[in-house]
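User: Could you take a close look at the aromatic residues for me? I'd like to see how their rings pair up and where they sit.

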Amino acid sequence: MGCDLRVNLGKIKLDNPVIPASGTFGFGYEFADFYDLDILGSIAIKGTTLNARFGNPTPRIAECDRGMINAVGLQNPGVEKVLEEELPKLKQVFHKPIIANIAGSSFADYIACAVAFDKAEMVGILEINISCPNVSKGGLSFGSDPQTVKELTQKIKQAVKKPVFMKLSPNVTDIVAIAKACEEGGADGISLINTLLGARFDLRTGKPIVHNIMGGFSGPAIKPVALRMVYQVYEAVSLPIIGIGGISEAEDVIEMMYAGASAVEIGAANCTDPFACKKILDDLPELCRRLGIGSLKSIIGKAHQ
């Protein structure tokens, strides 16, 4: 008898826990030439802002040992065009609820973007990226202050009907305090972690490789940090968790679920192998058989038992 791969994210039911992460899978339909996207649990589409963004100056990418640094800067066409042009293309090749990743530089931006996506039929979850700079507080990340996180969560929840998952930055002193603030604000779930901050420098010139000097560090090297934070947050709150960070093979999915994740997002692996998510899904049933796992739901938080 095979393993039951089905999982739940609150009231949202997924056929399996494998979700391409926002920013690494475009708007999804770009990957339809590689494999049938309907094998995926869901898709987290490219981070979207209220208005179009060109993104940061180039170069935006730096390779690292066991990872990469990106400073793309949330390049996207704005929520209106995403709803009118990108989602209809995705709907032709993917027939399950998606995750809309939302970013902003003010409370008003976040709320307006969330309200727009809330009306989209194919959006199942609103994933709020709170690693963005808060212009009203001198550029500090929204996700670095528990009170700001709680207020933003509350205001978005008051404005929408769909489930709200807050995507947390690891670049904070106390991830548990931020997670608790999300729960107190009424969040339906938590996604973590977003990228760590990193930098690289050219040995010939001594100059930063990325134009912005720093960027988001992701890839297999950050997995232990992600596992630690997912474990801590699972202990502290009673919300479903989407685990993110360094997942590139089926074994990583199991380990992340042991830590407390109900589902996972695969990010940097998609940038090096467009078949990464498919390979993970192909390998999961056999890995479950070897480990004696009959249902993935049964292993969520196993490390805490």
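Analyst: Happy to! Let's start with F31, which is buried because its relative accessible area is 11%, under the 20% cut-off. This is a predicted model, and F31 forms an aromatic pair with F34. The two ring centres are 5.8 Å apart, and the planes make an angle of 55°, which puts the pair in the tilted class. F34 itself is partly exposed, with a relative accessible area of 37%.

A second tilted pair is made by F107 and F142, with 6.0 Å between the ring centres and 35° between the planes. F107 belongs to helix α2 (residues 107–118), while F142 is found in the loop between β7 (123–129) and α3 (146–159), so this pair ties together parts that are 35 residues apart in sequence. F142 is buried, and its relative accessible area is 1%.

Stepping back, a search of the whole structure gives six aromatic pairs. F31 and F34 also belong to one aromatic cluster, together with F25, Y35 and F275.

One more ring is worth a look, this time for its charged partner: the charged end of R60 sits over the ring of F54, 5.6 Å from the ring's centre.

As for the strand β7 mentioned above, it is part of an open sheet of seven strands in the order β3-β13-β12-β9-β8-β7-β6, with parallel pairing. The edge strands of this sheet are β3 (18–20) and β6 (98–102), each pairing on one side only.

How values were computed. Residues numbered from 1 in each chain as written. Predicted model: local features only at pLDDT ≥ 70, side-chain atom pairs only at ≥ 80, totals over all residues. Heavy atoms only, no water. Pairing = 2+ DSSP bridges. Helix = DSSP H or I, 4+ residues; strand = E, 2+ residues; numbered from the N terminus. Phe/Tyr/Trp six-rings, centres within 6.5 Å; stacked < 30°, edge-to-face > 60°. Buried < 20%, exposed > 50% of the residue type's maximum accessible area, 1.4 Å probe, protein only. Lys NZ or Arg CZ within 6 Å of the ring centre and 35° of its normal.
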